[in-house]
Amino acid sequence: MTAVVETPAQRQMDLLRFATAGSVDDGKSTLIGRLLYDSKAIFEDQLEAVEATSRSRGDEYTNLALLTDGLRAEREQGITIDVAYRYFATPRRKFIIADTPGHIQYTRNMVTGASTADLALILVDARKGLVEQSRRHAFLCSLLRVPHLVLCVNKMDLVDYSQEVFDRIADEFTSFAAKLEAPDLTVIPISALHGDNLVSRSENMPWYEGPSLLHHLEHVHIASDRNLVDVRFPVQYVIRPQSTTVADYRGYAGQVASGIMKPGDEVMVLPSGFTTKITNIETADGELQEAYPPMSVTIRLADEIDIARGDLICRPNNAPAVAQDIEAMICWMDETRPLTVGAKYSIKHTTRSARAVVRGLQYRLDVNTLHRDDSATSLALNEIGRVKLRTTVPLLADEYRRNRTTGGFIIIDESSNRTVGAGMIIEAG
Amino acid sequence: MSRAPYRVSHLDALEAESLFIMREVVAEFERPVLLFSGGKDSIVMLRLAEKAFAPGRIPFPVMHVDTGHNFPEVLAYRDRRVSELNVQLIVASVQEAIDSGLVRESGDGMRNRIQTPVLLDAVEKYRFDALFGGARRDEEKARAKERVFSFRDDFGQWDPRNQRPELWALYNARIAPGESIRVFPLSNWTELDVWHYIAREGIDLPDIYYAHDREVVDRNGMLYAINEYLPLKSGEQPFVERVRYRTVGDASCTAAVRSDADTIDKVIDEVAATRITERGATRGDDKVSEAAMEDRKREGYF
């Protein structure tokens, strides 16, 4: 075992991943720039360079978007084209921001950013209220099952910090979000430019009694977002050292997807269905008395059974479906060719790979109106639809709404090897 | 609220993710290799590889693209670690590549740029299909958009506008012959995370990461150690200064920073404080602005 040296800065820190969506117009980049700046994650000299560039462009105020648009092409063209990851920390939490562009042509980027997010931040301009884009972002967050949603009503300074304006937008969004089964929703009035309600509560809006944005990000309760009920352990790699010191060692390495595992637990291995017991849960630092998500551990079992990568360890009375017929919502990500009925693809689901044929497209969803078009025959780039698949080998799958790890998969084009789609399982039977 | 049960600290979460990435590579590729520079990030990566496959050995070789301009402490450290871990060490030598005519030495004597063809040559020779690198997304803006599994074509090139979407922890490992993937297990770590982890794991580093007295010269505000690869220019006056290295690379282009941080805790305080004092802008003192300049240099400022 190694000595644990804790400095004050790390003692109480956990990790929160959040996604932001929007365009420069919403003030999203200004907001992110502020969070990074106020948490000391950017350097003064970087800021000065941005100020100089802004001045030379004739911007009225410092364009913090220049801090976040990383690719040369993006800075030159003034657009965000890809997901960018940013990092900052406060004494309570380390934050990973997946910063995604907001326009409909970048739906795939937003889906990518939301796939790993604990929380999503949606911005609206207080002068404009909810627009088509805000609804689309909220829908995508609910589709990806992001557990926490924060609506920031930005540019409150431009509506005289009016409570009435804020309440109207908050009410409209809340009733819309209810239709989406949106999870935990928080609405915060802010001015990213002036810093109102970002780090501390603003004196300009005494009528607002909720937390500042940073306070909310630091305190929102995420520990129970994990599924600690259904034991799911996709076997990633079999550790079998060819060495005399640990001659008969056989351990199953992987990351706990959900549930709590303990030595002595009776477990079932899928797809074989054999049952056995956990004898040890190990890491390089020693044995553990329990393992839970997102820990990477090595499981050892009482019986020698044939287990390979792609198999899954669960409990005998709580198992995922072992299924070759899958119904899923699919977001298509390929600009070269659409998804079509009858096409064959490769898919990766947990640590398991399979081939799949598209059996049917039930409908294509308009991501702005949520209208279902059941006459659709294909899904083009950024389109989302409900699809039936048949796989060559069974998947060990749960509904995505119950389990984001055993319910999600990617689709890979077998000729280009590119990732062309993301799937969220609705039904596996 | 009571103490949260089943809590996972940010370092534990980062470690778990990195172990998952490394195991995924070994499961899906035929010939992975870990790029080891002697820098703290590659040292941490080696530690993660050790933990990912314990009690087994690390199931891939370690490759050092050797510019020939080394700090002796770093070479000694490298050789000791590979022998402790019982892994195969491959040295891709820039000097040999110069001698054989594969690359030509640049006028300024710096060998940073000519490392790339030497690396690609070794990838081809050993037919590596996955290369672990220690780069982090917080290091620079373009890196902020790079994938954990970063696809390279058969010329070893990265096309930032044509990257594969990367969702959940489902990494696409499919490639055609001749193509490869650069894998960055430390993508989500920051410099401070790396130092906290070094402290927590009790990882020992080459001494040059900690404050020591060294004979240096000042070149445009950067402190360079005088050694056989970095001769004095006319008019330069070497002097002894208390310094440490914040990054460690080629000895001819890596500068030291003034520092009194001779223990891990002091280094952590310094790294954290550097960022804070950086905000002090123009009145930042020498100590701090030099560290910052090194950072900027790493970020390609000039």
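**Exercise 1. The contact between the chains**

How many residues does the contact take from chain A and from chain B?

*Solution.* Residues are numbered from 1 along each chain as its sequence is written, and chains are lettered from A and ligands numbered from 1 in the order in which they are written. The structure is a predicted model, in which local features need pLDDT of at least 70 and side-chain atom pairs count only at pLDDT 80 or more, while totals for chains, interfaces and linings use all residues. Two residues are in contact if their C-beta atoms, placed from the backbone, lie within 7 Å. On that basis, 56 residues come from chain A and 57 residues from chain B. The side of chain A that touches chain B is made up of 31 nonpolar, 14 polar and 11 charged residues; here Ala, Val, Leu, Ile, Met, Phe, Trp, Tyr, Cys and Pro count as nonpolar, Asp, Glu, Lys and Arg as charged, and the others, Gly among them, as polar.

**Exercise 2. A helix pair in chain A**

Describe how α6(A) and α7(A) pack, and state how far α6(A) is covered.

*Solution.* Begin with the elements: helices (H or I, at least four residues) and strands (E, at least two) are DSSP runs, numbered from the N terminus. Helix α6 of chain A covers residues 107–115 and helix α7 of chain A covers residues 132–143, and the two pack at an angle of about 45° with their axes 9 Å apart. Axes are lines fitted to C-alpha atoms, for helices over the stretch in contact, and angles run from 0 to 180 degrees between N-to-C directions. Angles under 35 degrees count as roughly parallel, over 145 as roughly antiparallel, 65 to 115 as roughly perpendicular and the rest as oblique; α6(A) and α7(A) are therefore oblique to each other.

Next comes the handedness. α6(A) passes α7(A) in a right-handed crossing, where a crossing is left-handed if the near helix is turned anticlockwise from the far one by less than a right angle, and right-handed if clockwise. Thr107(A), Met110(A), Val111(A) and Ala114(A) of α6(A) make the contact with His137(A), Leu140(A) and Cys141(A) of α7(A). By class, this contact has 5 nonpolar, 2 polar and no charged residues.

Finally, consider burial: a residue is buried if 20 or more other C-beta atoms lie within 10 Å of its own, exposed if 12 or fewer, and partly exposed in between, with C-beta atoms placed from the backbone. In α6(A), which is mostly covered, 9 of its 9 residues are buried, including Arg108(A) and Asn109(A).

**Exercise 3. Strand β21 of chain A**

Which strands are joined to β21(A), and in which sense do they run?

*Solution.* Two strands pair if DSSP finds at least two bridges between them. Strand β15 (residues 321–332) of chain A is joined to β21(A) (residues 384–397) by 10 bridges, and the two run antiparallel; within this pair, Gly385(A) of β21(A) stands opposite Ile330(A). Strand β18 (residues 352–365) of chain A also pairs with β21(A) in the antiparallel sense, over 8 bridges, and here Arg390(A) in β21(A) is the bridge partner of Val357(A).

**Exercise 4. The sheets of chain B**

Give the strand order of each open sheet described here for chain B, and name the edge strands.

*Solution.* Chain B has 8 helices and 10 strands. In one open sheet, 6 strands follow the order β3-β2-β1-β4-β6-β5 with mixed pairing. Its edges are β3 (89–93) and β5 (149–152) of chain B, and because each has a single partner strand, one side of each is left without a neighbour in the sheet. From one strand to the next the twist averages 30°. Within this sheet, β1(B) and β2(B) run parallel and are joined by 2 bridges, with Val62(B) in β2(B) as the bridge partner of Leu34(B).

An open sheet of 4 strands has the order β8-β7-β9-β10 in chain B, with antiparallel pairing. β8 (222–225) and β10 (257–258) of chain B are its edge strands, each pairing on one side only.

**Exercise 5. Glu30 of chain B**

Is Glu30(B) buried or exposed?

*Solution.* Glu30(B) lies in the loop between α1 (10–28) and β1 of chain B. With 9 other C-beta atoms within 10 Å, Glu30(B) is exposed. Glu30(B) and Asp129(B) are 99 residues apart in sequence, and their C-alpha atoms are 6.8 Å apart in space.
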